[in-house]
Each structure stands twice: as structure tokens, then as C-alpha cells.
Amino acid sequence: MEPNVPVFGQRSGEAIKKTRECAYAIVINSEGLVAGTRAGDHIHLPGGGIDFPETAIEAIHREVREELACKVNIGERVGQALQYITLDDGFAAHYATFYAAELGDSTNSQAEHELIWVEPESFTHEHHAWAARKQLLSLSTRIPAVAAQQQ
């Protein structure tokens, strides 16, 4: 993990039942909405747990194929965050790395989740909303090359 990683959620005094390293794709459409996956009442960024010996990028490719039945083009790393999550049987800690991305071609498989386009505040977990807002801010502060050349 990088230094000064933002932490979301509260850790209680009890032991953490599950620690998971995760990786997620942040895909933003032309209207400034963020790709989310809906599973029941929960909305998450596409991605999930990293399975040994995967890298974060390999995990995103696998998770997006499984969740949305499409390929993904991964760009720059947006950041990392820690989210404490309350489970039915205790607490979990998710150490997440986030990457800017674009959705690619469909695969021949069945999608596990529904793709929806949402505002960052719609995500179930705070670290997903934080990463989506961070990427949107990054995009809004960039000067397009064409505009820069005309000045």
C-alpha cells in the first residue's frame, strides 16, 4: 500500500475476520457517469478480490469478464484506499487499488451482474465513491491537447 492511504468505515475492537486485496476499474462515460455493477441492493465498481498469484490488473481483467461479460482496457492507476466492512459474522478489511479504464468488446459469456451508470455517491462502499470522484476530478482538470494548441 502507498503512504497516506485514505481509510473508510470504522474498525471496531474485534478481530478482522477477512482481509482482502482488491482491484477495481473506474469507467466514465461521456455524460460523466461511472460504470457500476448491481448485485441486489448493492452497487460496486467493476472488479473485486485479487486471487493469488494474480496482479491487480489481471484481477480487473478477470472480474470484468465475469461480472460484465466484456473486455476492459486499463489505463493509469488512480489510487489506493482501505475500507472496513461490517459482515454478518464480524469485520473485513478491503485494501483496494483503482485504475482508470474503458470497457472493451463483449465476450461470449453470460454477465453475472447488471451494468448501470451512476453518480459516485451511488456506490455502496465509500472507497468506491472516493475513487470515482477522484477520477472525475482528474478528468475535469485536464486541458485537451487541441485547446492547448490553439492558445
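A pocket, in the sense used here, is an open set of grid points with protein on both sides within 12 Å along at least five of seven lines. In this predicted model, the largest such pocket has a volume of about 430 Å³, and it makes a good starting point for a tour of the structure. Rolling a probe the size of a water molecule over the atoms shows where empty space is left.

The lining of the largest pocket is made up of 22 residues. Nearest its centre lie Tyr-24, His-44, Gly-47, Gly-48 and His-94. Sorted by class, the lining holds 11 polar, 7 nonpolar and 4 charged residues. Many parts of the chain take part: at least two lining residues come from each of the strands β2 (16–27), β3 (34–39), β4 (42–44), β5 (47–49), β6 (70–87) and β7 (90–106), and likewise from helix α1 (56–68). The top contributor is β2, which supplies 4 residues to this lining.

Turning to the sheet, 5 strands are arranged in the order β1-β6-β7-β2-β5, forming an open sheet with mixed pairing. Because β1 (7–8) and β5 each have a single partner strand, they stand at the edges, and one side of each is left without a neighbour in the sheet. Strands of a sheet pair through backbone hydrogen bonds, either parallel or antiparallel. In the case of β1 and β6, the two run parallel and are joined by 2 bridges. Here Phe-8 is found opposite Gln-83 of β6.

Helix α1 offers a residue worth a closer look, Arg-62. With a relative accessible area of 14%, Arg-62 falls under the 20% cut-off and therefore counts as buried. Its side chain reaches the backbone oxygen of Gly-49 at a distance of 2.9 Å. Apart from neighbours within four places in sequence, the residues in contact with Arg-62 are Gly-49, Asp-51 and Glu-54.

Two loops on either side of this helix show backbone features of their own. In the loop between β5 and α1 sits Pro-53, and the peptide bond that leads to Pro-53 from Phe-52 is cis, with omega near 10°. The loop between α1 and β6 contains Ala-69. Although Ala-69 is not a glycine, it has a positive phi of about 55°. Ala-69 is also buried, because its relative accessible area of 8% is under 20%.

Conventions
Residues numbered from 1 in each chain as written. Predicted model: local features only at pLDDT ≥ 70, side-chain atom pairs only at ≥ 80, totals over all residues. Heavy atoms only, no water. 1 Å grid on protein atoms, 1.4 Å probe; cavity = no way out; pocket = protein on both sides within 12 Å on 5 of 7 lines; lining within 4 Å. Points joined across faces, edges and corners; volume = space filled by probe spheres on them. Nonpolar A, V, L, I, M, F, W, Y, C, P; charged D, E, K, R; others polar. Buried < 20%, exposed > 50% of the residue type's maximum accessible area, 1.4 Å probe, protein only. Polar contact = N/O pair within 3.5 Å; in protein donor to acceptor, adjacent residues only side chain to side chain. Contact = heavy atoms within 4.5 Å. Pairing = 2+ DSSP bridges.
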